[in-house]
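Subject: A structure for you to explore

Hi there,

I am passing a structure on to you, and I hope you enjoy looking through it. Open it below, then read on for what turned up.

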Amino acid sequence: MPRLRVSTGEKMYKCAKCGKEFSKEEMEILPGVKCPYCGWRIVIKLRAPTVKRVRAI
Amino acid sequence: MIIPIRCFTCGALIADKWSKFAERVAKGEDPAKVLDDLGVRRYCCRRMFLSHVDLIDIVIKYEVYTQ
Amino acid sequence: MRSGACPLVVNVYYRVRERGGVRGVQAPSIAIQKLGENECSMVLKGVTPAVANALRRALMSDVPTLAIDEVVVVENSSVLFDEVLAHRLALIPLKVDVETYEALLSCFEEGRRDDCVASFTLEVEADRQMTVYSGHLKFAGFTGEFSSLAYAEVKPVSDIIPIVKLAPGQKVVLEAYAKMGTGKEHAKWQPVSAVAYKYYPKVTVLKRECGEECRKCAEVCPKGVLRWRGGALEVVEEKLEECAMCRACEEACPDVVRVSWDDTSFIFSIEGLGVLPVSKVVEVAMRRLLKRLDRLINTVEASLNALGGGRA
């Protein structure tokens, strides 16, 4: 079974160092929470690309 | 964080007077006099100005992930 | 100074009298002393504290206004959460002209609040550090049946209410929908800020010729209601209404001055938010109060009739 998979999920994470965006599957290529491009371990979860409805209270 | 829109107690609009207040107080004017000039009479509204710290200016400096 | 009986209050009085009356009730009246766009002070005469308080509460919590109630956030990379942003938008007082207001009010009173919705858009991207102001909100018209009100415009009371501050590159894109509601449900729908009343003060000088020691009775008054002149103590008539009934003068000169009040007269002061002219706010409050009183009387009568009794 190949370790490297082509990502199908949305890019929901972002590396705090190199700024590249990647999906959950891409992150799971490496063990633990790490940027698959540079290995940096601080990762930001991006805002979902949907429209959000909020009650103004 | 940022100046509340209305006074917590009476509900009067205060946010539109903040920038003028902050500017004049920074120049060294007496806050009590500035508030009188701005027409903020009640002590509930006055404490909104006197006790506010505009933290958003500090927080904004750390927003560097956008590039 | 304008003076005279308010038709609506008189109306209440006559209706009470028609239905048998209440002992000791005289015709209520209102004398307006100061009336501006955003402030009003008046003297309410011939009513009980309960009536004055009913009016105060109606003013604050029963006059429907427009306020942003729903926000659709498309993009928000600012430092404030969507919810905080929505909350701040909600609290911005929105100004409507009286004609449009009447249309919105009847729509609301028919229980169709989702049919009278004003929509706004806000789209700001910062290239340098900037503040997003209420002036950036663009009115995008009414939805539904009100879309025909092309001439009507809803806009914030002030254009310089800061909503959020943006760092370079940050962006806020959203749509906001303003609906009618009352202060009872949420303070954002309150048309007034401070509404207060106090009894009409009565300050009596019992001993006019009391000499030098009476000077302190006048000096102690924080509102300048008393004056010591030429060896005599007197009440400054034009300052009387400012008396806070703190009784500092009574304390200073126990047997010289007496402070009391008329518990059927009230000095009422109302401060508006600029949403509607205060006169309009008072009118709507009275109308709504009257409607509720009617409903109460009808319910009581109906249940009395159901019991098989006659009139109360």
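In what order do the five strands of the open sheet with antiparallel pairing come? The order is β4(A)-β4(C)-β11(C)-β6(C)-β8(C). Please keep in mind that this is a predicted model.

Now look at the edges of that sheet. β4 of chain A and β8 (138-142) of chain C stand there, each with a single partner strand, so one side of each has no neighbour in the sheet. On average, neighbouring strands are turned by 25° against each other, direction ignored.

You can also follow how the two chains join here. β4(A) and strand β4 (residues 65-76) of chain C run antiparallel and are joined by four bridges. For A:K52, the bridge partner in β4(C) is C:V73. A helix, α3(C), packs on the sheet and touches β4 of chain A as well as β4 and β11 (171-181) of chain C. The direction of α3(C) makes about 150° with that of β4(C).

Just before β4 in chain A, try finding A:R47, in the loop between β3 (43-45) and β4 (52-55). Is A:R47 buried or exposed? A:R47 is partly exposed, because 13 other C-beta atoms lie within 10 Å.

Chain C also meets chain B, in a contact that takes 22 residues from chain C and 17 residues from chain B. On the side of chain C, the largest share, three residues, comes from β10(C). The residues of that side divide into 13 nonpolar, six polar and three charged.

Happy exploring!

Definitions and conventions: Residues are numbered from 1 along each chain as its sequence is written. Chains are lettered from A and ligands numbered from 1 in the order in which they are written. This is a predicted model: local features need pLDDT of at least 70, side-chain atom pairs count only at pLDDT 80 or more; totals for chains, interfaces and linings use all residues. Helices (H or I, at least four residues) and strands (E, at least two) are DSSP runs, numbered from the N terminus. A residue is buried if 20 or more other C-beta atoms lie within 10 Å of its own, exposed if 12 or fewer, and partly exposed in between; C-beta atoms are placed from the backbone. Two residues are in contact if their C-beta atoms, placed from the backbone, lie within 7 Å. Ala, Val, Leu, Ile, Met, Phe, Trp, Tyr, Cys and Pro count as nonpolar, Asp, Glu, Lys and Arg as charged, and the others, Gly among them, as polar. Two strands pair if DSSP finds at least two bridges between them. Axes are lines fitted to C-alpha atoms, for helices over the stretch in contact, and angles run from 0 to 180 degrees between N-to-C directions.
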